[in-house]
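Colleague: Before I rely on the labels assigned in this model, I should like to hear the reasoning behind several of them.

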Amino acid sequence: MIHPSAIIESGAQLGANVSVGAFSIIGKHVEIGDNTVIGPHVVISGRTRIGCDNHISQFSSLGGPPQDKKHAGEPTRLEIGDRNTIREFCTFNLGTALDAGVTRMGDDNWIMAYVHIAHDCQVGNRTVFANNAQLAGHVHIADWVILGGFSGVHQFCRIGAHAMTAAGTVAVQDIPPFVMAAGNTASPYGINAEGLKRRGFSPEAMLALKRAYRTLYKSGLMLEEARAKLIEEAIAHPEIQPLIDFLAVSKRGIIR
């Protein structure tokens, strides 16, 4: 149902069974997939593509221009996948020409109120962002990441799969996969054991990940030495390979 007070600009493409609430505005370059529900007072603008079966709550603003002084109106994009829940007062910005030109979110993410996702961020699948989690520009968030309320992530940082931050965490360096982080600035506090158990990781896999964490953080080895040792461990325990791959692409260094 499209509420009579909603504004759907000419050129917008809405799929089957899309619902748009009162006083919402859908821009002319916007595409919205089937069965997506747009609440009241939502603004979706820019070159924004939203998939199917999403639920976007009131007062969110998606597809606005980047908060980047270098942006000069280039035709950049925002892409959102399927089955995402985006709660109240969230802001997702378009990408910039200085990066990939697209801000992207995958599928099955649970995004709570007041979350900001800045330009050129890349967010994976099945993440949970608690209230007021904030991403600066160019941040990469892998699958299954949980950000605690009021967590902040510095620009260009990466957070690996299955990592978790406590409330109020400020990450100014990369957080490796499987690691729990807390504090301002963020420090590591073991692996996300409970989350891994809920996702079906075997006891053997979790033991291997705990050993890998000790190699990385408790052995006293330099980072390259620890990575070399992890490569040896991965021969018998391939579940730690994502950690090795992450260390190979980390540019800001990992939290210590």
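Modeller: The labels are taken up one at a time below, and the model is a predicted one.

Colleague: Why is S250 called buried?

Modeller: Buried means under 20% relative accessible area. S250 has 19% relative accessibility, so S250 counts as buried. This residue lies in the segment after α4 (241–249).

Colleague: What makes the approach of the S250 side chain to G253 a polar contact?

Modeller: The side chain of S250 comes to 3.4 Å from the backbone nitrogen of G253, and the cut-off for such a pair of N or O atoms is within 3.5 Å. The pair therefore meets the distance criterion.

Colleague: How do you know that the length of α3 is close to the expected one?

Modeller: Helix α3, residues 223–234, has 12 residues and reaches 16 Å from its first C-alpha to its last, close to the 16 Å expected at 1.5 Å a residue.

Colleague: Why are the buried residues of α3 said to line one face of the helix?

Modeller: These residues are A226, L230, E233 and A234. Viewed down the axis of α3, they fall within an arc of 95°, so they line one face. Their cover includes α2 (203–217) and α4. E224 and E232, on the other side of α3, are exposed.

Colleague: What makes β8 and β11 a pair of strands?

Modeller: Pairing requires at least two bridges. Strands β8 (residues 47–50) and β11 (residues 77–80) have four, in the parallel sense, so the criterion is met. One of the bridges joins R47 to R77 in β11. Strand β11 also pairs in the parallel sense with β14 (residues 102–105), over four bridges, and there R77 has V102 as its bridge partner.

Technical notes. Residues numbered from 1 in each chain as written. Predicted model: local features only at pLDDT ≥ 70, side-chain atom pairs only at ≥ 80, totals over all residues. Heavy atoms only, no water. Helix = DSSP H or I, 4+ residues; strand = E, 2+ residues; numbered from the N terminus. Buried < 20%, exposed > 50% of the residue type's maximum accessible area, 1.4 Å probe, protein only. Polar contact = N/O pair within 3.5 Å; in protein donor to acceptor, adjacent residues only side chain to side chain. Expected span 1.5 Å × (residues − 1). Arc of directions from axis to C-beta. Contact = heavy atoms within 4.5 Å.
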